[in-house]
Amino acid sequence: MKDRKTIAVLMCQPEEFYQRRLMKGITAQAFSLDYDCAVFSTEYKDVLSAELMKGAANIFELINFELIDGVIIVPDTIKDNCALEKIVRLIKDNFSGPVLSLDMEMPGFGAMHCDDGAAIEALTLHMIDTHGCKYIDFMRGIPDHPHSIRREEGYKRALKKRGIAVEEERIHDGDFWYDKGDQTADEILSSSLPMPQAVVCASDTMAISLCDALAERGIAVPEQIAVTGYDSIAEAREHDPSIASARIPADLLGKNAVAWIDAQIGGREFVPIEKKINIISAQSCGCGGRAVDSKLTQELLYTDNNYRTPYYSTSNDMMGKLISADNLDTLLYDVNWYAYQIKPFRSFMLMLCDDWVSTTGSFRTSGYPEKMHMRFVNRADINESHINDIEFDTALMIPPEQADTPKPTVCYFTALHFFSRCFGYTVISFDGDPCTPCLDYREWIRCVCNGIECLRRSLHIMAMYERVKLSAETDALTGL
């Protein structure tokens, strides 16, 4: 990472649907410009407990901004205000380069938003031009939310382009989730306005809930009211009726974010990358059959509930193996063995603090020591793995021999912790496609953390037993 410029990305749950598409765009553009990416992420999006969130957010303390040339923040994925405040403080105290916030304004930083409005405008125009609809309602998300505002603007632009009056009563509050379908259906059916020929929804989840609510009230979709969504999630493609939609241009946002950072570094004017919006036709708009891609169909047809993925399998005994380990080498051997469950990757590394076991009663909760220990590395790219102890300066974040890669790489840094107790961190890297950890990665890492904590407690109990044994066998007065 040291020989190339590096862009740091700060987010939560990079393995999730939207974040994966965003990272696909970020890495594609970064790799084309010969940048490395370092992603620092937490595994918990919603606030669960103060200690748990503190332990996860400690990974941001690892960032050495002297090795970073640009920063991209995805604050809308991070719901923990304490973590966001920490990120802002660390950046403002340690970094003077370009910083870009995606999908949310953050004081003092540049901002870039996903062009939601253009997609909703295209969907609304599709219902007007292709299906001849003149009465179109809109189900927005949470009122005053930036995404709601931009998507509503796209709906209104489409109506105005075709000379259709905007009627505020045709705009219904949603929640971006499944909970407002019944309310919206009742508002539509009780309205004094003519029945809408179509309802454009600001998310697929709301479109699904509205279709179900209309069906329960005897309204056929799309024969009586057509419905469109926005996201193109798997649940929408598999719903009956399948939901007409458009993909969130998250990959385009990622590409433009890197292009903006690169322009700032090079002192050039930023020229946005543009991409045509593709409407995904489906049953709910009246265009045709299920909009299911062949890969998803194959996954569904060949899925066994007992073997859904290598990690989520009734044959997976990883947790039992890890919590029963009686020494660190045994635990690391098992973690290394079960790394096949999170493949493909270029490499996977596990770093431990020297005080991770901490039998004194006190433990680390903030930051990392000056030296870290890489206890094993699994190099899938060359089919080698090593369980050893390589000490390196924490400021490097990765041992020099592992950071020197022949082509641009993206590394994901994740905290190893048990509630607020810090053990160290993991690094999983990619240099092509895929460019993000698999969907099981978050739970897999949590299993590793639980295994380390069980071993720590076991070692602590054994240390206490030895002290008690020594005390019982030794005369306190003479030392004999």
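**Exercise 1. The aromatic cluster**

F40, Y368, F413 and Y425 form one aromatic cluster. Before you start, note that this is a predicted model, in which local features need pLDDT of at least 70, side-chain atom pairs count only at pLDDT 80 or more, and totals for chains, interfaces and linings use all residues. Residues are numbered from 1 along each chain as its sequence is written, and side-chain values use heavy atoms, with hydrogens and water left out.

Task: find how F413 and Y425 are arranged, and which strands they lie in.

Solution:
- Step 1. Start with the rule: rings of Phe, Tyr and Trp (its six-membered ring) pair if their centres lie within 6.5 Å; planes under 30 degrees apart count as stacked, over 60 as edge-to-face and the rest as tilted.
- Step 2. By this rule the count comes to 14 aromatic pairs.
- Step 3. One of these pairs is W177 with Y178, with 4.8 Å between centres and 70 degrees between planes, which is edge-to-face. W177 counts as partly exposed at 48% relative accessibility, and Y178 is partly exposed too, at 33%. Here, buried means under 20% relative accessible area, exposed over 50%, and partly exposed in between (1.4 Å probe, protein chains only).
- Step 4. Now turn to F413 and Y425: their centres are 6.2 Å apart and their planes make 45 degrees, so the pair is tilted.
- Step 5. F413 belongs to strand β15 and Y425 to strand β16 (residues 421-430), so the pair ties together parts that are twelve residues apart in sequence. Helices (H or I, at least four residues) and strands (E, at least two) are DSSP runs, numbered from the N terminus.
- Step 6. Both F413 and Y425 are buried.

**Exercise 2. Charges over rings**

Task: find which rings have the charged ends of K92 and R421 over them.

Solution:
- Step 1. The test asks that NZ of Lys or CZ of Arg is within 6 Å of the ring centre and within 35 degrees of the ring normal.
- Step 2. For K92, the ring is that of F109, with the charged end 5.8 Å from the ring centre.
- Step 3. For R421, the ring is that of F363, and the distance to its centre is 3.9 Å.

**Exercise 3. Empty space inside**

Task: find how many cavities there are of 30 Å³ or more, and which residues line them.

Solution:
- Step 1. Rolling a probe the size of a water molecule over the atoms shows where empty space is left.
- Step 2. On a 1 Å grid over the protein atoms alone, a cavity is a set of points where a 1.4 Å probe fits but cannot get out; lining residues have an atom within 4 Å of a point. Grid points are joined across faces, edges and corners, and a volume is the space filled by probe spheres set on the points.
- Step 3. The count is two cavities of 30 Å³ or more.
- Step 4. The largest cavity holds about 70 Å³ of space. Its lining includes Q13, P14, E15, Y412 and R442. Two or more lining residues come from each of β2 (35-42), β15 (410-418) and α14 (441-473).
- Step 5. The second largest cavity holds about 50 Å³, and T42, Y44, M53, A56, A57, I78, D80 and A83 line it. Helix α2 (residues 50-57) gives the most to this lining, with three residues.

**Exercise 4. Cysteines without partners**

Task: find how many disulfides the structure holds, and why C435 is not in one.

Solution:
- Step 1. A disulfide is a pair of cysteine sulfur atoms within 2.5 Å.
- Step 2. The structure holds zero disulfides.
- Step 3. The closest cysteine sulfur to that of C435 belongs to C37 and is 9.1 Å away, too far for a bond. C435 is buried, with a relative accessible area of 7%.
- Step 4. C438 is in no disulfide either, as its nearest cysteine sulfur, that of C435, is 13 Å away.

**Exercise 5. Backbone details**

Task: find where P222, P241 and Q13 lie, and what the backbone does there.

Solution:
- Step 1. The peptide bond from V221 to P222 is cis, with omega near 10 degrees; P222 is in the loop between α7 (204-216) and β9 (226-228).
- Step 2. The bond from D240 to P241 is also cis, with omega near 5 degrees, and P241 is in the loop between α8 (234-238) and β10 (245-246).
- Step 3. Q13 is not a glycine, yet has a positive phi of about 50 degrees. Q13 is placed in the loop between β1 (5-12) and α1, and counts as buried at 12% relative accessibility.

Note on methods:
On a 1 Å grid over the protein atoms alone, a cavity is a set of points where a 1.4 Å probe fits but cannot get out, and a pocket is an open set with protein on both sides within 12 Å along at least five of seven lines; lining residues have an atom within 4 Å of a point.
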